Amino acid sequence: MDTKFKLPHGFINVFMESLLTENSVSNLNMASIYSMCVKNFLSEKLYPAVIVGFNYRLHSVDGLILRVNGFNEKLSLLVDIITK
């Protein structure tokens, strides 16, 4: 439970594994650049959500890993925005 708003916190972890990222250094770098581009593209759109208390992290290790946490009731909306 959140101490300020008394709402439950939720956590969503999505692991998109791909063996292609481990095939070469080039593929690993492309996956890393892709995750940085997505974060840069979403930074302005998701700024209000970050201010309210939602957190998201997208990084590349053996594929892409998306970690989202925040208030439970709107967490699925945040995941929808990121995956689109």
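A contact here means heavy atoms within 4.5 Å. Keep that cut-off in mind for the last stop. The model on screen is predicted.

**Whole chain.** Select the protein chain and align the view to its principal axes. The C-alpha atoms fill a box of roughly 45 × 25 × 20 Å. The chain has 84 residues, and 29% of them count as buried.

**Cartoon.** Switch to secondary structure. Three helices and three strands appear. Trace them from the N terminus: the order is β-α-α-β-β-α.

**Contacts.** Now draw the contacts in the protein chain with a separation of 6 or more. Residues 24 or more positions apart account for 56% of them.

**Surface.** Turn on the accessible surface. The total comes to about 6200 Å². Colour by element: carbon and sulfur atoms hold 60% of that area.

**Charges.** Select the charged side chains. There are 8 positive and 7 negative ones. Mark the centre of each set; the two centres lie 8 Å apart.

**Strand β2.** Select residues 55–60, which form strand β2. His 59 belongs to this strand. Show the side chain of His 59 and centre on it.

**His 59.** Is His 59 buried or exposed? His 59 counts as buried, because its relative accessibility is 16% and the cut-off for buried is under 20%.

**Neighbours.** Which residues does His 59 touch, leaving out those up to four places away in sequence? Select Ser 35, Leu 64, Ile 65 and Arg 67. Show these four as sticks together with His 59 to see the contacts.

Terms used. Residues numbered from 1 in each chain as written. Predicted model: local features only at pLDDT ≥ 70, side-chain atom pairs only at ≥ 80, totals over all residues. Heavy atoms only, no water. Helix = DSSP H or I, 4+ residues; strand = E, 2+ residues; numbered from the N terminus. Buried < 20%, exposed > 50% of the residue type's maximum accessible area, 1.4 Å probe, protein only. Areas by Shrake-Rupley, 256 points an atom, 1.4 Å probe, with all protein chains shown as cover. Lys, Arg positive; Asp, Glu negative; His and termini not counted. Charge placed at Lys NZ, Arg CZ, Asp CG, Glu CD.
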